[in-house]
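Student: I would like to learn how to read the fold and the packing of a chain. Where do we begin?

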Amino acid sequence: MNANLVNTLQTLLSQHGDWVGYVAATLTTSAFVPQVWLTWRTKDVSGISLGMYSVFTLGVALWLLYGLALGAWPIMIANTVTLTLALAILTMKLRYGQAS
């Protein structure tokens, strides 16, 4: 990678790292909202993997603990919201998946 580009990125992140984190967190967390909404509205969980969402939810919980240990607000906020959304999907999978 070009040394000037690396230096520019390092400077940008050192000055605005939290904002980059907030933007990244907002984008990745908000990506779950349509899935939660669609699943809640249709109660169709046939395309949702129980194993994947179980492991994912545990991973998000661990990221939240990591953010708490670091005192990193972007990590804490994003993973609190993502954990809530993932738990909602997991709960719906368990509840609505029993009927099929």
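**Reading the fold and the core**

Tutor: Begin with the secondary structure. This is a predicted model, and its protein chain has four helices and zero strands. Along the sequence the pattern reads α-α-α-α.

Student: How does the radius of gyration of the protein chain relate to the globule rule?

Tutor: The rule gives an expected value for a chain length, to be set against the value from the model. For 100 residues the rule gives 13 Å, whereas the protein chain has 17 Å, well over that, so the chain is more spread out than a compact globule. The box that its C-alpha atoms fill, taken along the principal axes, is roughly 60 × 30 × 20 Å.

Student: What share of the 100 residues counts as buried?

Tutor: Buried means under 20% relative accessible area. In the protein chain, 26% of the 100 residues meet this. The chain exposes about 6900 Å², with 69% of that area supplied by carbon and sulfur atoms.

Student: Which residues make up the largest nonpolar core?

Tutor: A nonpolar core joins buried residues through side-chain atoms within 4.5 Å. Here the largest one has ten residues: Phe-32, Val-36, Val-45, Ile-48, Tyr-53, Leu-85, Ile-89, Leu-90, Met-92 and Tyr-96. Helix H4, residues 73–97, gives the most to this core, with five residues.

Student: Taking Met-92, what is it in contact with beyond its neighbours within four places in sequence?

Tutor: With those neighbours left aside, Met-92 contacts Val-36, Thr-39, Trp-40, Val-45 and Gly-97. Across the protein chain, of the contacts with a separation of 6 or more, 69% are between residues 24 or more positions apart.

Key:
Residues are numbered from 1 along each chain as its sequence is written. This is a predicted model: local features need pLDDT of at least 70, side-chain atom pairs count only at pLDDT 80 or more; totals for chains, interfaces and linings use all residues. Side-chain values use heavy atoms; hydrogens and water are left out. Buried means under 20% relative accessible area, exposed over 50%, partly exposed in between (1.4 Å probe, protein chains only). Helices (H or I, at least four residues) and strands (E, at least two) are DSSP runs, numbered from the N terminus. Contact means heavy atoms within 4.5 Å. The radius of gyration is taken over C-alpha atoms; the globule rule is 2.2 Å times the number of residues to the power 0.38. Accessible areas come from the Shrake-Rupley method with a 1.4 Å probe; for residues, only the protein chains shown count as cover.
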